[in-house]
Each structure stands twice: as C-alpha cells, then as structure tokens.
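User: Please go through the structure shown here. I would like short questions, each answered with the reasoning behind it.

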Amino acid sequence: MSLKKYCSFWIEQHLFVIDSLKVTSVRGMGALTPVPGSRQDISGLLNIRGDIYLVFDVGMALLGRRSTKHIDKQLILLRHEADEFLAISVDLVGEIMDVWEDDFHPPGQPDHPDDLNMELPVLAGCVSGYSVQNNILVTLLDPQKISQMVSSEA
Amino acid sequence: MKKLRLKHQIALLVFVLVLGLSTIAAIGGFGLARTYQQVEHFTNVINLANTRAMVLRGNLLNAIRMEKNTILAQNDADAKKYSEKAQYFSSEFERSLTDLNPILTKVGDPLLIKELSDVNDSWLVLKNNQDNIIKLMGENTNVKAIRLINGDLRSRIDDIEKNLQEMTASDPSSSSPKRKSGIGLDVSKEYQVISLKQKLSYLLERTVLTLLRHNSEYDVGTMNSYSKQISEYMVELDGNVEQLKSLISLDQVNSIRLESDIKSIKALVDQVIAYSFKNSNSEAAHLTTTITPEYGTKADNGIVKIIDTLHKEVENSSSTIKDVYYSAITSILISAIVAFIVGVFVAQRISSSVNKGVTDVLNLSSNLAHSAIAVNKISIELSDQSEKTSIKSAEVSSMTDHISSNVNTMAAAAEQMSMNVASISSASEEISVNVGQISTAAGQTSKNVELVVQNIATTVKALESVADDARDGAKISRDAADLAQSATTSMSALDLSAKEVNKVTEIIKMIAMQTNLLALNAMIESTSAGEAGKGFAVVANEIKQLANQSARAAEEIAKMIEGIQNDTRVAVDVIGTVNETISRINASSTRIFEAVGLEVTNAATSTESLRSASSSVSEIARAIHEIAIGTTDMARNSSEVAKAATDVSKSSSGTAVATQGISSNIRVVTDAAQLTNQSADELTQASATLQQISIELNESLSELA
C-alpha cells in the first residue's frame, strides 16, 4: 500500500477528495455560459484555452441543494478522456493531502460516527470510499463515476 | 392675547412648551413600546422557534446516525451503546417536537404548523422503524450465525480433520504383506482415503462458504437454494464418511467419535441456517437503508423548510422593527418641530405685546408732555391775568381813595361790587383749591413717571447684560463651529485614506488567493511528474504557505480598517450633530442680541422721553403751585377790595368819573376774574387729562410688570 496524493475540496462543511492524478488543474470560476433547459446541477459551459468544459455543480448533485456558503466558487478540472472535458464547481479547494490508499473504506463501513453522508442515498453513485483524517470524515469521489453520473442523467 | 396680562402670556408660553414636551415624550414612549413589542416577539417567539427547530434537526440526525452505528457495530457492547444513544436522541427529538409546537403556534403561520405535523408523521414511521431495528439488532442472529461459523463450526471441522488424520495413520492394515503406503494402506486404497479426506474437507469448506452466503443473503428464495445446497453437501458428506469408514477399519471409539463429530457439525449447520433465516441483522440493515433514508429525508426536509420560513420571519421582524423605530423617530421629530413652531409663535406674540405696551407708554408720555405744555400755557395766561388783575386792583384802590368821602350812589354800586368781589374771592379760593389739587396730582404723576424711568433703567441694565452674554455666546458658537468643521474635514480625509487602504488590502487578498491556486496547480503537476516532481512539490508548498500568510495578514488589516471606518463614521455623525446644534445656538444668540439691542434703544428713548415728561410735569406742578399762590393772593386782594368798596358804600361820596372808573375797573377786574375762571376751568380740564394720562400710564406700566 502506498501513500497517495489527493486533491481535497469543501462543499459546505463536508470534505471531499479526488485522486490528484485525475486532476488537471484548479482555478477560479470564470465567465460561465449557461445552458438553458439543462439540469440544475449543470452550471454551464466554460471556454478554457479553446477547450469547452462542462461545469458540473457537484454540491447540487451530492447534497441535493445549491450551496450558498461561498459566493465565488472554484473549479477543479478533471483529466479528460477523448472529447469529454469536465470540470466540477466546489465551494473551496483545500490542500493536497497525503493519505494511505488503504485508509479508505468502501461505502457501508464508515469509521466516523458522525457520518452525515450515509443518510443521503444519492452519494452512493460516485463515492469510492471514506476515511477519517484528523477526526474529519473525508469522502473519496471517483471522477469516472462523476462523469457517468453527468452523462447518464443527461 | 391682547387682553391677557403679560404674566398670563408668559404662563401660556410655558404651558405650550410643557405641552409640546409632553406630547414628544408620549409619542416617543408609544414608539418605544411598539418597538419593544416587536423585539419581544422576535426574541421570545421567532428566535426561540428558530433555535428549537435547529435543536430538533440535530436530534433527528443524531438519532439516525446512532441507529446506523448500532447496525455497523463490531461487537455487542458497541451495538448496545449505540442503541441506547439512538433511544436517547429519539426521546430528545420527541421532547423538542413537543416544545416547538406551542412556539410555532405563537408565530401564527399555519404553514409552519402543517410542516411540523408532517415532520411528526414522518417521525412516527421512523420511530417505529427504529424500534424494530433495535429489536432486530438485539436478536443479532446474523452475527450469531457468523460467530458459530467462525467459532464452533470451524473448530469442529479442524477436529474432524485432525481426527481423520489420526485415524488413517493408525490403521491396523499396515501389517499386510502388500505394498505399503505411508498410511499402511495399498496405493489404491490410500489414494481413495486421501481423495475422500480431501473431498470431506472440500465439502466442509463449501458448507462454510455457503452458510456465509446464506447468512448475508436477504432474499428468501436465494436462501432456500443455499439451504438446499448445504443439505446436498451434508448428504454427500455422509456418503463420504461411510466410504471412508469402509476403507479404513476404525475401532468403535473412533467410529463413535467420527459419527459424533459429523453429527455435531450437522447440528451446528442447522443452527446457523436457523439464525440465518431469522436474518435479523440483514433485516435491520434493509430497514435502515430503505425506510430510514426515505422518512429521514422527509422529516429533515420538513424541518429545513420550517427553519427557512423562520429565517424569513426573522427578516420580516427585523424590517418591521426598523419601520416602527423610524416611524417613532419621525413622529418625535414632527412633534418637536410643531412644538417649536407653536412656542416661537407664542413667544412672538408675547414679544409684540410687550413692545405694544412700551409703545403705549411712549404715546402716553408724549400725551403727558403735550398736556404739560397746555397746562403751562394756561398757567402763563393765568399769570398774565393775575398781573392785570393786580394792576387794576391797585388802580381801583387809588381811585377809591379819591372818591371815598363823597359818593352815595356809589354805596349801592359799591355794595353790589362788594358782593361781586366777595363771590370772586370765593371763586378764586375755589380755583386755588382746585389748582392745589392739580399741583398735587401733577407732583404724583411726576413721581410715578420717575419710578417708571427707574424701572426701565433697571430693565435696560438687565437687557444690556443679556446682550453681552448673547454676544459672547455667539462668538463662542462661531469658534466651536469652526473647530467642528475642521474636525469633520479631518475625519473625511481619514475615511478616504481608510477606503484607499481597504482597496489595496482587497488586491492583496486576491493576489494571495491566486497564489494559493497557483501553488495547488504546481502541486498537482508535481504529482503527475512523479519522483521528478518532488522538489517542485516542496517549492509549491512553500509558495502556498506564503500565500496563506499573505491572506491572513490582509484579513487582519481589513478588519482593522473596518474598525477605523466605523469609528470615523460615528465621529462624523456626532460632529455633524454638534455643528448643527452650534449653528442653532449661534442663530439664537444673534437674534437675542439684535432683539435686546433694539429693546435697549427703545428703552433708552422711553427713558429719555419719560424723564423729560417727568421734568415737565414737575415744572407744571411748580407753575400750578405758583398759580395757586397767585390765586390766593387774588382772593385776598378781592377781599380787601370788597372791604374798600364797603367803606365807599358807607361814606357815599365821590365823582362820576371816579365811580365810572371804578366801575369800569371793576368790570375789567370782573372780566379778568372771568377769564381767570375760564383759565382755571381749562386748567382743571388739563389736570384731569393729565390725571387720566397718569392713570393709563400706571395701567400700562402695571401690564408691563
């Protein structure tokens, strides 16, 4: 088992992580082009150096409500496959965390007694595992599953 | 207002001011009472409801969490602990729900009551579900099955395998002359025994695995198929054991032991299957992943709606309190302005009334002066007449000496003259008395005017003192206004500087945030680079720390700037208020100074006029006194003339010329006396006028007093 780097981010008071190798870059929110008639969790389209990214409001998808904690959201650009350019909008990008791979337990076996996320069935779609770091519950998201979630309900 | 005395007018002004202040106080009190009511409603009802709703939500989520932890507990002690906590939070939730109901009723929004009722309905389902889960977890059959599998069953299987190993090793057929195997059997038999033992182990292992699958399964159909599979394994196991027994010769003890072991395994398998079929843990897990999320989310959403509605109520209450507060302030200001206007109006009326009184006094003084001049003329005329009368009387006297001895006819005329002169004398005496009275009245008037002059002088001194104070006050006000203005200018400059610093601070924060993102991107790229990126990762980390420090410093500066700006705004407001107050004081002082100046000038003029009137009246008194003396002399002379005429009457001689002269002289005296009488009448009238003027002056002065 090895120590891996994870890119962390906050949505409201919940801390999530994504494998750093699956992340291209992080940036502030630019000028979004909204897509009329699209789902509520699709924030819009963003042109970054010629590539058109679909911006996905992961907070809306995971928690079922639009987070109002931060006015200026930030973006995490995910490594794209083929023609899929996906970015997720988050409240605040956190640190790059070093976590042992096997610290993450699959869903259904949480370590933390204050696991709020267990109550929300929608999370199971893209959650890979949970871990407790410094007494804070950290939820590992799978970018592939996020992408599937975006395209499956489109 | 004209008919009221000055002290009544001042009393009216005071009454108006007190009434105005009372009105302001009443309106202010009413406004404050309304504000208090709103604040109380907000504090005691809405805020309390909000707090209780959030406590309710917390209890709900904790109860659900503890329920899940009960299921996921690794051992019985933890399961019991979490189930007790779940029950505790459930009872707390119910208590919070009961407490919240009356408070939401007080808020008065029927939607809130409905939402709470929906939450209650969802909770009833959740509570029932929780009780079932706790009961099922108490049974804990799946865990017991696993314990049996991993405990007794495994050890029994190990025992069988060990026993079989021992049994096959001590087989008596080992003395056979046939080719010996390691276990004393021929090869084919040995092979069969090994194969059977392996099959036995395999069957037992498959049984264990199938039992585990059976235990973790929720669907009854699948469980039945697993049970069927396990039964087949048991039948096969029996077959294998029989074959094994036939291949190896077991003594009775071993045989019984083997049978006993197989029997106990079967019994354990049956027990495990029975536990698995009860499936209490799976059932509890199923309940917690189906019913709990559905109704838990419903209840949570209901509570969130209640909290959102209460937040809106908070905003509404806040704006209502503001409105009430502003309306109270507006009412107070309007009342103050109205009271001020009414007070100024009343004061203006009183001031004009006082001015009118002073004007009346001046007019009266002027009239008094004119009357005094008239009296003076009259007295001059009287004096001329008296002189003429004296001259004529002297002539009469010399004439009568000449005719004293010889006129008979003069006797009757002289007698008549005596009678006329006697009446002149009495009339002159009467004149003398009346003039004496006029003199006394004029003297009294003069004294009264002197008193008025003295009072006016005192008033002038007081007014001059007030004017000095007002002038000093105006000067001080101007100085204070200048200071306040310069302070306001300094505060404005400070505020501008603070705003500039704030802008720079925002830029620093933006730069810190961008630097942070840059450092994160550098870390991500260094991760992609793998080992080669480790050095870069260190540099990126340092940059990130620097960015964080910058952001923190900028935050602290922004907080300080905000504090300074708030203090500056407060100071500017206070200085503005002071400035306004000083301006108003300055204006009032100027007006007072001008008004007092005017009054002093008027008072000085009045004093001068009154003094001259006083001196004129004194002169009048003196002249009248002299007239009185002259008139007395005239009376006395007339008496002597009467006596002389009587002597002439007694002697009865004289000449016609002398008699005519006497007659004519007496006629002249008579004319003179008539003129004197007329003059005396006019003097009496003038004195009466003067007396009337004095009375009116007294009245005006007493009004002023």
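Analyst: The questions below concern a predicted model, taking chain A before the helices of chain B.

User: How many helices and strands are there in chain A, and in what order do the elements run?

Analyst: Chain A holds 2 helices and 10 strands. Read from the N terminus on, the order is β-β-β-β-β-α-β-β-β-β-β-α.

User: What share of the residues of chain A count as buried?

Analyst: Chain A has 154 residues. A residue needs 20 or more other C-beta atoms within 10 Å to be called buried. The share of chain A that counts as buried is 37%.

User: Among contacts in chain A between residues at least 6 apart in sequence, what percentage join residues at least 24 apart?

Analyst: Contacts between residues under 6 apart in sequence are left out of this figure. Of those in chain A that remain, the part joining residues at least 24 apart is 56%.

User: Which residues have the most contacts inside the largest nonpolar core, and which helix gives the most to this core?

Analyst: The largest nonpolar core has 46 residues, and those with the most contacts inside it are A:C7, A:F56, A:I76 and A:A87. Helix α9 of chain B, residues 409–529, gives the most to this core, with 6 residues. The names asked for are therefore A:C7, A:F56, A:I76 and A:A87, and helix α9 of chain B.

User: Which residues does A:I76 contact, leaving aside its neighbours within four places in sequence?

Analyst: A:C7 and A:A87 are among the contacts of A:I76, and both are also listed with A:I76 for the most contacts inside the largest nonpolar core. The full set for A:I76 is A:C7, A:F9, A:I18, A:V23, A:V26, A:A87, A:I88, A:V90 and A:V93.

User: Is A:R49 buried or exposed?

Analyst: A:R49 lies in the loop between β4 (42–48) and β5 (51–57) of chain A. Its phi is positive, about 50 degrees, although A:R49 is not a glycine. Most residues other than glycine have a negative phi. Because A:R49 has 4 C-beta neighbours inside 10 Å, A:R49 counts as exposed.

User: Is B:N279 buried or exposed?

Analyst: B:N279 lies in the loop between α7 (252–278) and α8 (280–403) of chain B. Phi of B:N279 is also positive, near 55 degrees. Because 23 other C-beta atoms lie within 10 Å of B:N279, this residue is buried.

User: What is the distance between the end C-alpha atoms of α7(B), and what should its residues span?

Analyst: α7(B) has 27 residues, and at 1.5 Å a residue they should span 39 Å. The end C-alpha atoms of α7(B) agree with that, so the distance is 39 Å.

User: Are α6(B) and α7(B) roughly parallel or antiparallel?

Analyst: α6(B) (residues 220–247) and α7(B) pack at an angle of about 180 degrees, with axes 12 Å apart. Angles over 145 degrees count as roughly antiparallel. Therefore α6(B) is roughly antiparallel to α7(B).

User: How do the residues of the contact of α6(B) with α7(B) divide into nonpolar, polar and charged?

Analyst: From α6(B) the contact includes B:M223, B:I230 and B:L237, and from α7(B) it includes B:V269, B:I273 and B:S276. B:M223, B:I230 and B:L237 are among the buried residues of α6(B), while B:V269, B:I273 and B:S276 are among those buried in α7(B). The contact divides into 10 nonpolar, 3 polar and 2 charged.

Conventions. Residues are numbered from 1 along each chain as its sequence is written. Chains are lettered from A and ligands numbered from 1 in the order in which they are written. This is a predicted model: local features need pLDDT of at least 70, side-chain atom pairs count only at pLDDT 80 or more; totals for chains, interfaces and linings use all residues. Helices (H or I, at least four residues) and strands (E, at least two) are DSSP runs, numbered from the N terminus. A residue is buried if 20 or more other C-beta atoms lie within 10 Å of its own, exposed if 12 or fewer, and partly exposed in between; C-beta atoms are placed from the backbone. Axes are lines fitted to C-alpha atoms, for helices over the stretch in contact, and angles run from 0 to 180 degrees between N-to-C directions. Angles under 35 degrees count as roughly parallel, over 145 as roughly antiparallel, 65 to 115 as roughly perpendicular and the rest as oblique. Two residues are in contact if their C-beta atoms, placed from the backbone, lie within 7 Å. Ala, Val, Leu, Ile, Met, Phe, Trp, Tyr, Cys and Pro count as nonpolar, Asp, Glu, Lys and Arg as charged, and the others, Gly among them, as polar. A nonpolar core is a set of buried Ala, Val, Leu, Ile, Met, Phe, Trp, Tyr and Cys residues joined through C-beta atoms within 7 Å. The expected span of a helix is 1.5 Å times one less than its number of residues.
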